[in-house]
Amino acid sequence: MKKSKFTTDEQIAFALKQAEVGTTAAVHPINWKKKCCGLGVAELRRLKQLEEENARLKRMVADLSLDKTMLQEVVQKSCEASP
């Protein structure tokens, strides 16, 4: 598979803008257009930050849910063990 010469979202956004204007003949994958449609460089950076923050928050929720479940099991066992 051919590796893309565009590595960052900013480069991809720039290439898509050029393609829209018609200054380049490069063909771009459709998923680029879905991801970057109408977004500028600043918006793409903010989108990436939000996606990273969302992933971090999802991990936190999963960890806290696991902690809660474990604590509930400990409390349940301690209640069953006490006469």
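**A walk through an all-helix prediction**

The chain exposes an accessible surface of about 7200 Å², and carbon and sulfur atoms account for 60% of that area. Keep in mind that this is a predicted model. Of the 83 residues in the chain, 12% count as buried.

On to the fold. There are 3 helices and 0 strands here, so to read along the sequence is to meet the pattern α-α-α.

How far can you trust the coordinates? The mean pLDDT for the chain is 78, and 67% of the residues score at least 70. The elements are not alike in this respect: helix 3 (residues 41-81) has the highest mean pLDDT, 92, while helix 2 (residues 30-36) has the lowest, 60. Where pLDDT is low, it's best not to read the predicted coordinates in detail.

Now for the record. UniProt, in an unreviewed entry, puts a "coiled-coil region" at residues 40-67. In the model, that span is 96% helix and 0% strand, and its end C-alpha atoms sit 41 Å apart. Helix 3 itself covers residues 41-81.

Back towards the start of the chain, take a look at Lys17, which belongs to helix 1 (residues 9-21). Is Lys17 buried, partly exposed or exposed? Its relative accessible area is 40%, so Lys17 counts as partly exposed, given that buried means under 20% and exposed over 50%. Lys17 also makes a handy marker for how the chain comes back on itself in space: Leu39 is 22 residues away in sequence, yet the two C-alpha atoms are 9.5 Å apart.

Methods: Residues numbered from 1 in each chain as written. Predicted model: local features only at pLDDT ≥ 70, side-chain atom pairs only at ≥ 80, totals over all residues. Heavy atoms only, no water. UniProt positions renumbered as here; feature names shortened; annotations may be inferred. Helix = DSSP H or I, 4+ residues; strand = E, 2+ residues; numbered from the N terminus. Buried < 20%, exposed > 50% of the residue type's maximum accessible area, 1.4 Å probe, protein only. Areas by Shrake-Rupley, 256 points an atom, 1.4 Å probe, with all protein chains shown as cover. pLDDT = per-residue confidence, 0-100.
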